[in-house]
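Hi,

Here is the structure I promised to pass on. Have a look at it first, and then read my notes below.

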Amino acid sequence: MLARPTVTVARELLGATLCRRLPDGTMTAAPIVEVEAYTQDDPACHAFRGLTERCRVMFGPPGFAYVYFIYGMYNCLNVVTEPDGVPGAILIRALDIEGCTGPGKLCKTWQIDRSLNGVDLLDSTGPLWLEGGHVTDDEVIATSERIGLNVGQDRIWRFYAKDSDFVSGPRRLGGRKQTRPATEKVAKVLKNL
DNA sequence: TTTGCGATTCGG
DNA sequence: CGAATCGCAAAG
């Protein structure tokens, strides 16, 4: 499923449920509502210059977590894609739940750091994993340039649930406060996964 | 080794 | 718009 073109998978990942089991046993889960795709031939991708220690997991099999540290204080979570040997990843930018708007905040809130780099995201007995299907309804999905890049801005590889109030960054005209739950329409789609 | 900067966020 | 804050990777 994840061993396919990153951009395709990214779009389909919207609506999947990210689940977290904290060290103390606490469990949390929420739908993914914003993602960005990064591929080998993409200048903004960590794997663009080849394999390095940091992006090693991106070159491995799909379904594993690629967590990196950025700006001296934040962590970002990615889902590795593409067949083993081909780098590719999807940055998880927001979950449909309070405190998880933005890749850095999401990781801070759910206590995700580099110690989770390389964990199997398809293992529901682990600390972090994915469940559920995906959204295919174009009507509830929006697209845009990726956020915070100085290269690769020509690639429209950011996908987000149109009406989720937890999506980060630039939004549609008259951006609203991000404190309400997703609208009924999106909520319904997310529920039928 | 050194250096410049980054897939961010928050405050002024 | 700039500070915070530090690991990474390209350059020296």
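Which oxygen of DNA strand B is 3.5 Å from an N or O atom in the side chain of Tyr-38? A sugar or linking oxygen of the strand is the one at that distance. I'll come back to the DNA after some ground rules.

This is a predicted model, where local features need pLDDT of at least 70 and side-chain atom pairs count only at pLDDT 80 or more, while totals for chains, interfaces and linings use all residues. Residues are numbered from 1 along each chain as its sequence is written, chains are lettered from A and ligands numbered from 1 in the order in which they are written, and side-chain values use heavy atoms, with hydrogens and water left out.

**The protein chain**

Chain A has three helices and eight strands. (Both are DSSP runs numbered from the N terminus: helices are H or I with at least four residues, strands are E with at least two.) Going along the sequence, the pattern reads α-β-β-β-β-β-α-β-β-β-α. Chain A has 193 residues, and 49% of them count as buried. Buried means under 20% relative accessible area, exposed means over 50%, and partly exposed is in between, using a 1.4 Å probe and protein chains only.

**DNA strand B**

There are 19 residues around this strand, and His-46, Tyr-68, Tyr-74, Asn-78 and Gly-104 come nearest. A residue is near a strand or molecule if one of its heavy atoms lies within 4 Å of it. By class, the surface near DNA strand B has ten nonpolar, seven polar and two charged residues. (Nonpolar covers Ala, Val, Leu, Ile, Met, Phe, Trp, Tyr, Cys and Pro; charged covers Asp, Glu, Lys and Arg; the others, Gly among them, are polar.)

Which element gives the most to this surface? That is α2, with three residues. At least two residues each come from β3, β4, β5 and α2.

Now for polar contacts (pairs of N or O atoms within 3.5 Å; within protein, one must be able to donate a hydrogen and the other to accept it, and residues adjacent in sequence count only if both atoms are side-chain atoms). Tyr-68 has a polar side-chain atom 2.9 Å from a base nitrogen of DNA strand B. Pro-103 uses its backbone instead: an N or O atom there lies 3.2 Å from a phosphate oxygen of the strand. Of the atoms of DNA strand B within 4 Å of the protein, 55% belong to sugar or phosphate, and bases supply the rest.

Asn-78, one of the residues that come nearest to DNA strand B, sits in strand β4. It counts as buried because its relative accessibility is 3%. A polar atom of the Asn-78 side chain is also 3.3 Å from the backbone nitrogen of Leu-91.

**DNA strand C**

Around this strand you'll find Arg-49, Thr-52, Arg-54, Phe-69, Tyr-71, Gly-72, Met-73 and Arg-114. They divide into three nonpolar, two polar and three charged residues. Sugar or phosphate accounts for 71% of the strand's atoms within 4 Å of the protein, and bases for the rest.

Two side chains pair with phosphate oxygens of DNA strand C: a polar atom of Thr-52 at 2.7 Å, and an N or O atom of Arg-54 at 3.2 Å. With Tyr-71, a backbone N or O atom lies 2.5 Å from a base oxygen.

**The largest pocket**

Its volume is about 530 Å³, and 27 residues line it, with Tyr-68, Ile-70, Tyr-71, Gly-148 and Leu-149 nearest its centre. The lining has 17 nonpolar, seven polar and three charged residues. (On a 1 Å grid over the protein atoms alone, a pocket is an open set of points with protein on both sides within 12 Å along at least five of seven lines; lining residues have an atom within 4 Å of a point. Points are joined across faces, edges and corners, and the volume is the space filled by probe spheres set on them.)

**Cysteines and a buried leucine**

How many disulfides does a search of the whole structure find? Zero, where a disulfide is a pair of cysteine sulfur atoms within 2.5 Å. The Cys-100 sulfur is too far for a bond because its closest partner, in Cys-107, is 8.9 Å away. Cys-107 is in no disulfide either, as the nearest cysteine sulfur, that of Cys-76, is 6.0 Å from it. Cys-100 is buried at 0% relative accessibility, and Cys-107 is buried at 2%.

Finally, Leu-106 is found in helix α2 and is buried, with 0% relative accessibility. Its C-alpha atom is 8.5 Å from that of Ile-92, 14 residues apart along the chain.

Cheers

Definitions and conventions. On a 1 Å grid over the protein atoms alone, a cavity is a set of points where a 1.4 Å probe fits but cannot get out, and a pocket is an open set with protein on both sides within 12 Å along at least five of seven lines; lining residues have an atom within 4 Å of a point.
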